[in-house]
Amino acid sequence: MQNEQPSFLKKIKPSLVVGRFLIPLFIQTAAMLTGAFFAVHTEGNGKLVTLETEPVNLSKFIRNSSNQVSYNISSFKKLEEVPGWEELPGTPVPCPKNNQPRNRKKNQCNPNAKLLDPDLTLYVILEPPTTEETGEVPTPWVAVGLSGDRPMELGEKQVMIKGKSSEDLVEYEGEKFYLMRSQREEILQTLDLTDQEEQLEPLMIQLKVNPRGKAVPVNLWIGDRNYSLSN
């Protein structure tokens with residue numbers, strides 16, 4: 001009889017167990033629904049922007065159902081030339097002592113080179129190209145400004161995209177997407193695998209970007225073919 005638990009403890013314990021299970025599940029579900037809502041809202045109300053990716057092995061890339069890319073505005077080296085870079089906090093990367101100023105251009109040593117602070121939130125201001133190339137394939141937008149704070153005003157044709165620094169590059173929302181099996185099979189049928197096995201080439205991706213800088217990929221261009229993307 002001494003080992004028998006009081007009746008009120010028997011009533012409390014099941015509720016505690018259920019609570020421990022349901023609360024994390026509720027939080028996870030709420031986060032998923034919130035992310036899905038923002039993705040749908042961004043896709044429906046965002047502005048269409050085209051970005052070029054870093055070169056990928058197309059044959060290997062298409063065989064994956066879940067794909068991750070880096071854009072040509074992801075690399076620190078690409079962003080060093082964009083106005084506003086010098087104002088972002090980071091650790092300078094000095095040129096070698098034997099690399100005199102007159103040789104910097106030849107050796108591609110930029111005096112503004114630095115590693116941005118880890119997990120630094122920044123915004124890249126984009127503009128459409130001044131001259132569109134002829135043809136159906138869209139031309140990538142151009143980075144014209146950087147800011148550590150969300151810009152309150154943009155030019156009429158400008159769009160900002162939100163990113164976060166990680167090691168030596170910037171990661172953006174909209175870098176991950178999915179290709180359906182039928183799409184992958186269709187793409188692979190159109191490729192000359194003999195030529196594509198080792199060939200690296202950039203891709204064109206169209207994203208919808210909302211006023212707060214969140215981005216959702218909607219279209220993938222491979223050559224002159226366009227494929228809808230799932231997020």
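# Charges, loops and a hairpin

Q: Is E167 buried or exposed?
A: In this predicted model, we can settle this from the relative accessible area, which is 71% for E167. A residue counts as exposed when this value is over 50%. The 71% of E167 passes that cut-off, so E167 is exposed.

Q: In which loop is the place of E167?
A: Let's look at the strands on either side. Strand β8 covers residues 159-166 and strand β9 covers residues 169-172. E167 belongs to the loop between β8 and β9.

Q: Which residues form a negative surface patch?
A: E167 is a good place to start, because it is exposed at 71% relative accessible area. D119 is also a member of the patch, and D119 is exposed at 58%. Together with two further residues, they give the full list: D119, E167, D168 and E171.

Q: What is the phi of D119 near?
A: D119 sits in the loop between β5 (114-116) and β6 (121-127). Its phi is positive, in a residue other than glycine. The value for D119 is near 60°.

Q: What is the positive phi of E167, which is not a glycine?
A: E167 is found in the loop that links β8 and β9. Its phi is positive although E167 is not a glycine. For E167 the angle is about 55°.

Q: Which residue takes a positive phi in the hairpin of β13 and β14?
A: First, the two strands: β13 (residues 215-222) and β14 (residues 225-228) pair in the antiparallel sense, over four bridges. Two residues lie between the strands of this hairpin. The one with a positive phi, near 65°, is G223.

Q: Which residue in β14 does I222 stand opposite?
A: Strand β13 covers residues 215-222 and β14 covers residues 225-228, and the two are antiparallel. Facing I222 from β14 is R225.

Q: How many salt bridges does a search of the whole structure find?
A: We can go through them by name. K78 meets E54, E173 meets K214, and E185 meets R181. The search of the whole structure gives a total of three.

Q: How many residues apart in sequence are the parts tied together by K78 and E54?
A: The side chains of K78 and E54 meet in a salt bridge of 3.5 Å, N to O. K78 lies in helix α3 (residues 76-79), while E54 lies in the loop between β1 (47-52) and β2 (56-57), so the pair ties together parts whose separation in sequence is 24 residues.

Q: How does E54 count at 26% relative accessibility?
A: Two cut-offs help here: buried means under 20%, and exposed means over 50%. E54, at 26%, falls in between. Its partner K78, at 44%, is placed in that middle class too. So E54 counts as partly exposed.

Q: What distance separates the closest N and O atoms of E173 and K214?
A: E173 lies in the loop between β9 and β10 (176-178), and K214 in the loop between β12 (204-209) and β13, so this pair ties together parts 41 residues apart in sequence. E173 is partly exposed at 35%, and K214 is partly exposed at 26%. Between their closest N and O atoms, the distance is 3.2 Å.

Q: In which helix do E185 and R181 both lie?
A: The side chains of these two meet in a salt bridge of 3.2 Å, N to O. E185 and R181 are four residues apart, about one turn of the helix. R181 is exposed at 60%, whereas E185 is partly exposed at 40%. The helix, residues 181-190, is α5.

Q: Is L191 buried or exposed?
A: L191 is in the loop between α5 and α6 (193-196). Its relative accessible area is 13%, and the cut-off for a buried residue is under 20%. L191 is therefore buried.

Q: How far apart in space are P55 and E201, C-alpha to C-alpha?
A: P55 lies in the loop between β1 and β2 and is partly exposed at 46%. Along the sequence, P55 and E201 are 146 residues apart. In space, their C-alpha atoms are separated by 4.3 Å.

Definitions and conventions
Residues are numbered from 1 along each chain as its sequence is written. This is a predicted model: local features need pLDDT of at least 70, side-chain atom pairs count only at pLDDT 80 or more; totals for chains, interfaces and linings use all residues. Side-chain values use heavy atoms; hydrogens and water are left out. Patches are made of residues with over 30% relative accessible area and no salt bridge: like charges are joined within 9 Å, nonpolar side chains (Val, Leu, Ile, Met, Phe, Trp, Tyr) within 5 Å. Accessible areas come from the Shrake-Rupley method with a 1.4 Å probe; for residues, only the protein chains shown count as cover. A salt bridge is a side-chain nitrogen of Lys or Arg within 4 Å of a carboxyl oxygen of Asp or Glu. Lys and Arg count as positive and Asp and Glu as negative; His and the chain ends are not counted. The place of a charge is taken as NZ of Lys, CZ of Arg, CG of Asp or CD of Glu. Buried means under 20% relative accessible area, exposed over 50%, partly exposed in between (1.4 Å probe, protein chains only). Two strands pair if DSSP finds at least two bridges between them.
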